[in-house]
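Please open the structure in your viewer and keep the selection tool at hand. The tour below proceeds stop by stop, stating at each what to select and what is found there.

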Amino acid sequence: WAAPEPLFYVHGFVFSAWFGLLGAQAWLIRAGSVALHRRLGYAGLSIATANVALWTYSALAAANRPGGFVETPMPPEQFLIVPLRDMATFAVGIGLGIARRNRAASHKRWMLLASITLLGAPLARLAFMLEWPAPVIDIGSDVLFVGALAAWDLDTQRKMSAETMWGGGAIIVSKLVAAPFAATPAWTGAALWMMSFAGPP
């Protein structure tokens, strides 16, 4: 399925641009072009900021549709916690990655973890093609990629890095507790208030 509103194509383009730049940045480090990698970091910050803004607004706009989120049985004010949680963990990961930019091992892990938290949304669309429950794919993607990073840590340095342990753990735990919290009156009130800042797309 595809959203009919142009807003979501812009959001998808910026989302794709982030992952394109992420791949380019990894290649530049492998090629030894550290100076260019650092210069492109400014472009990365701009794309990340645009991603946060567009993702957040798109989520609020989608929640305000007459039918809510496409192919989602949950009430829109409850499901809204899913994209907003993803954006919050992405923003925190990017912020920590920037703060640790002079410590390469820490910097790359935070950037990778920030990117991992975004993968649930596109991968969950496989649920509609494979007839799998979307939450299984959404949470499973985090477990899979964080687990792969943990395995790489253990293979290369015989221990799990603090970023992988605490950052990766926080990503998974936050996704597990999001659904129960979304059903509480406190979240419903907060979600309706946030939705008032955006109309239908």
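Select Trp18 first: in this predicted model, its relative accessibility is 5%, so Trp18 counts as buried. Add Phe90, which is buried as well, with a relative accessibility of 0%. The ring centres of Trp18 and Phe90 lie 5.5 Å apart and the planes stand at 90°, which makes the pair edge-to-face, since planes over 60 degrees apart fall in that class. Distant parts of the chain are linked here: Trp18 belongs to helix H1 (residues 6-30) and Phe90 to helix H4, with their positions 72 residues apart in sequence.

Next, select Phe181 and Trp187. Their rings form a tilted aromatic pair, with 6.1 Å from centre to centre and 55° between the planes. The two partners may be coloured by accessibility: Phe181 is partly exposed at 43%, whereas Trp187 is buried at 10%. Then select Phe15, Phe19 and Trp55, which form one aromatic cluster. How many aromatic pairs are there by this rule? The count comes to six.

**Helix H4 and its charged residues**

Display H4 (residues 81-99) on its own. This helix has 19 residues, and the distance from its first C-alpha to its last is 27 Å, close to the 27 Å expected at 1.5 Å a residue. Its buried residues are Ile81, Pro83, Leu84, Arg85, Asp86, Met87, Phe90, Gly93, Ile94 and Gly97. Phe90, met above in the pair with Trp18, is thus joined in this list by the charged residues Arg85 and Asp86.

Side chains of opposite charge can pair when their charged atoms come close. Select Arg85 and Asp86 to see such a case: their side chains meet in a salt bridge, 2.5 Å from N to O. Is each partner buried or exposed? Asp86 has a relative accessible area of 1% and is buried; Arg85, at 9%, also counts as buried.

Keep Arg85 selected and add Asp142. These two form a further salt bridge, in which the closest N and O atoms are 3.9 Å apart. The contact falls within the 4 Å cut-off, so it is included. This pair links distant parts of the chain, Asp142 lying in helix H8 (residues 134-157) and Arg85 in helix H4, 57 residues apart. Asp142 is buried, with a relative accessible area of 1%.

Stay on H8 and move to Asp153. Its salt bridge with Arg109 has its closest N and O atoms 2.7 Å apart. This pair, too, links distant parts of the chain: Asp153 is in helix H8 and Arg109 in helix H5 (residues 104-116), 44 residues apart. Both Asp153 and Arg109 are buried. To see how bridges combine, select Arg85, Asp86, Asp142 and Lys175 together; salt bridges with shared partners join them into one network. In total, the structure holds five salt bridges.

**The loop after H8**

Select Arg158, in the loop between H8 and helix H9 (162-182). Most residues other than glycine have a negative phi. Arg158 is not a glycine, yet its phi is positive, at about 65°. With a relative accessible area of 68%, Arg158 is exposed.

**The segment after H10**

Go on to Ala198, which is located in the segment after helix H10 (185-195). Ala198 is buried, its relative accessible area being 9%. Which residues does Ala198 contact, leaving aside its neighbours within four places in sequence? They are Tyr57, Leu60, Ala61 and Asn64. For a distance across the model, select the C-alpha atoms of Ala198 and Ala31: they are separated by 44 Å, and the two residues are 167 apart along the chain.

**The whole chain**

Finally, clear the selection and view the entire chain. Its secondary structure amounts to ten helices and zero strands. The C-alpha atoms fill a box of roughly 50 × 35 × 30 Å along the principal axes. The radius of gyration is 17 Å, which agrees with the value near 17 Å for a compact globule of 201 residues. Buried residues account for 38% of the 201. The accessible surface comes to about 11,000 Å², and carbon and sulfur atoms contribute 71% of it. Of the contacts between residues at least 6 apart in sequence, 69% join residues at least 24 apart.

Key:
Residues numbered from 1 in each chain as written. Predicted model: local features only at pLDDT ≥ 70, side-chain atom pairs only at ≥ 80, totals over all residues. Heavy atoms only, no water. Buried < 20%, exposed > 50% of the residue type's maximum accessible area, 1.4 Å probe, protein only. Helix = DSSP H or I, 4+ residues; strand = E, 2+ residues; numbered from the N terminus. Expected span 1.5 Å × (residues − 1). Rg over C-alpha atoms; globule rule 2.2 N^0.38 Å. Contact = heavy atoms within 4.5 Å. Areas by Shrake-Rupley, 256 points an atom, 1.4 Å probe, with all protein chains shown as cover. Phe/Tyr/Trp six-rings, centres within 6.5 Å; stacked < 30°, edge-to-face > 60°.
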